[in-house]
Amino acid sequence: MHRRTMNTPSQHSPADAALLSSPLARGPGAPPRQRQLIQRLKQAILAGQLPAGGKLPSSRALSEDLAISRNTVLIAYEQLTAEGYVIADRQGTRVAPLSAAPLAQAGRAARTQPSGPPAPAAPATATRLSRIVATRAPADSSLPMTPGTPALTQFPLNAWRRAQDRALQAAPAATLGYGHPIGEPALREAIAQYLRVSRGVHCDASRIVITEGAQGALALCVQLLTNPGDTAWLEEPGYRGAKSAFHGGDLNVVAMRVDADGIVIPEEAWRTHPPRLIQTTPTHQYPTGAVLSVARRLDLLERARRAGAWIIEDDYDSEFRHQGDPIAAMQGLLPDAPVLYVGTFSKTLFPALRLGFLVLPEALAQSALPSVVEMLRGGHRLEQLTLAAFIDNGQFSRHLGRMRRLYRERQAALRDALAAHLRVDHEVLGGHSGLHLTVRLPPEFPDQAIVALARQVGMNPSALSTFAMAPRAEDNGLVIGYGNTSADRFPALVSRLGELADQVRR
């Protein structure tokens, strides 16, 4: 006769005995019994119903009590042993000592009267997160008037597929493995050649790091060049992604106002809060569209050099200049400029590609690249090789040419619609570049209220005030994208915006 020595009253309380002998669920829809048993034992151990050191029934005894296969029990015990819930040795299977019993604590808390002391607060997030404040609600970027979204329906998918097929045929297995940490050599070489010709950037492939969009490049700049508490200057109003990257690095962010000639830096600022980083969008300020004058560019370069500061030049949409010749990059003004040049393909191609790049100054590249190689892991190889082929075979340049013509037409249509159909006092900012125009409005038409209503009716402009850390009256307005919106839609859309503005008028 089999003796169930592991299940005697001296070893388990009646509650334990009931726990270990209660039938498992059966029938259609019931989880596998092995999984049920594992979960039952885990929960009992965590809740303290099976105390540390307590012996579990033998596999034979428990299989008979539960009317299940002994193998089911053995597999369950093996899994619990592997996860550290129980210890198996010659004396049997015992509950392992655990450092804490969270479910037991939760159970006791549920049974405790409210008069007891409050439960400890959950662990706090990093203090830097409190500085990263949400300034916009998530919205569908395919909606008309979305700033920064290109004409995705015009992208040459067939040409992209052909470039992708060539990349796969050239190295089908290699594209599935890790690539070089700073990016595929073919893509870095293609970008270097393009930047030298089209943007006047001083660079070679060895100084280019491929990143996950411009945001990845900004975060890398913070990692490479700053320590917590350092000061960074940011345009005001300015790119929200830069603000998030700086706050994420525990930097002291100081806003510098922007006027019609770009960023304005007071003389005393260099003395009172000297910067480690200065972020600027000199070719097409985001979001006001101002172009940083050459006098200010040269002054900024010289002052930054003397202060030991680095300038981040975010050249996010310089390819789309609709009047006159392209404006050269600030980085190319001096051969040894203290500038980290940031670019992205989110505007020129499509946002989901998530490929950007960072051009390091020569001196910084020599000292920092060994660390960068350790910090990054190569990936997105197929996308990078496809993009390299897309650039090398001329498709990139042809696509840019088509998009320049299209966006020129769409910006002109938006300007005409604003003049004819926006029956509200306004000032159009933004020059003749990029994928958006900014419309400054009087304070009695609160921009965030207009945007909230616009999204309800299927439009997605941005509120200008949300780009400023400390908004002023002149920061009230709308940032209107035209890249993803056909020209014939603007009269009706702008007219509707005017109606919404009248609804929220103070």
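Here are some exercises with worked solutions on a predicted model.

**Exercise 1. Find the cavities in the whole structure and describe the lining of the largest cavity.**

Let's start with the idea behind the search: rolling a probe the size of a water molecule over the atoms shows where empty space is left.

Step 1. Run over the whole structure, the search turns up 2 cavities of 30 Å³ or more.

Step 2. Take the largest cavity, with its volume of about 90 Å³. It is lined by 14 residues, and the closest to its centre are Tyr-194, Leu-195, Glu-319, Thr-344 and Phe-357.

Step 3. Now ask which elements feed that lining. Helix 7 (185–198) and strand 9 (339–344) each supply at least two residues.

Step 4. Sort the lining of the largest cavity by character and you get 7 nonpolar, 4 polar and 3 charged residues.

**Exercise 2. Do the same for the second largest cavity: give its space, its lining and how the lining divides.**

Step 1. The space in the second largest cavity comes to about 30 Å³.

Step 2. Go round its wall and you meet Gly-148, Tyr-286, Tyr-316, Asp-317, Lys-347, Leu-435 and His-436.

Step 3. Split that list by character: 3 nonpolar, 2 polar and 2 charged.

Step 4. Keep Tyr-286 from this lining in mind, as Tyr-286 also takes part in a cis peptide bond with Pro-287. That bond is picked up in the next exercise.

**Exercise 3. Which peptide bonds are cis, and which residues other than glycine have a positive phi?**

First, the background: most residues other than glycine have a negative phi, and most peptide bonds are trans.

Step 1. Look at Glu-236 and Pro-237, where the bond is cis with omega about -5 degrees. Pro-237 sits in the loop that runs between strand 4 (231–236) and helix 9 (240–248).

Step 2. Move on to Tyr-286 and Pro-287: another cis bond, with omega about 15 degrees. Here Pro-287 is in the loop between strand 7 (277–280) and helix 11 (294–307).

Step 3. Switch to phi. Asp-250 has a positive value, near 60 degrees, and belongs to the loop between helix 9 and strand 5 (252–259).

Step 4. Arg-354 is a non-glycine residue with a positive phi too, about 50 degrees. You'll find Arg-354 in the loop between strand 9 and strand 10 (356–359). Its relative accessible area is 31%, so Arg-354 counts as partly exposed.

**Exercise 4. Where does the salt bridge between Asp-315 and Arg-199 sit, and are its two residues buried or exposed?**

Step 1. For context, there are 14 salt bridges in the whole structure.

Step 2. In the one between Asp-315 and Arg-199, the closest N and O atoms are 2.8 Å apart.

Step 3. This pair ties together distant parts of the chain, 116 residues apart. Asp-315 is in the loop between strand 8 and strand 9, while Arg-199 is in the loop between helix 7 and strand 3 (208–211).

Step 4. Both Asp-315 and Arg-199 turn out to be buried, which means under 20% relative accessible area.

**Exercise 5. Work through the salt bridges within helix 11 and helix 16, then pick out a network.**

Step 1. In helix 11, pair Arg-306 with Glu-302: they are 4 residues apart, about one turn of the helix. Their side chains meet at 3.5 Å, N to O.

Step 2. Check the exposure of each partner. Arg-306 has 58% relative accessibility, so Arg-306 is exposed. Glu-302 has 36%, so Glu-302 is partly exposed.

Step 3. In helix 16 (residues 490–504), Glu-499 and Arg-496 are 3 residues apart, again about one turn. Their closest N and O atoms are 3.0 Å apart.

Step 4. Glu-499 is partly exposed because its relative accessibility is 41%. At 31%, Arg-496 is partly exposed as well.

Step 5. Finally, the network: salt bridges link Arg-257, Arg-472, Glu-474 and Asp-475.

**Exercise 6. Which residues make the nonpolar surface patch of about 240 Å², and where is Leu-333 found?**

Step 1. The patch is made by Val-294, Leu-298 and Leu-333.

Step 2. Leu-333 lies in the loop between strand 8 (310–314) and strand 9.

Step 3. Why can Leu-333 count towards a patch? Patch residues need over 30% relative accessible area, and Leu-333 is partly exposed at 35%, so it clears that cut-off.

Notes
Residues numbered from 1 in each chain as written. Predicted model: local features only at pLDDT ≥ 70, side-chain atom pairs only at ≥ 80, totals over all residues. Heavy atoms only, no water. 1 Å grid on protein atoms, 1.4 Å probe; cavity = no way out; pocket = protein on both sides within 12 Å on 5 of 7 lines; lining within 4 Å. Points joined across faces, edges and corners; volume = space filled by probe spheres on them. Nonpolar A, V, L, I, M, F, W, Y, C, P; charged D, E, K, R; others polar. Patch = residues over 30% accessible without salt bridge, like charges linked within 9 Å, V, L, I, M, F, W, Y side chains within 5 Å. Areas by Shrake-Rupley, 256 points an atom, 1.4 Å probe, with all protein chains shown as cover. Salt bridge = Lys/Arg side-chain N within 4 Å of Asp/Glu carboxyl O. Buried < 20%, exposed > 50% of the residue type's maximum accessible area, 1.4 Å probe, protein only.
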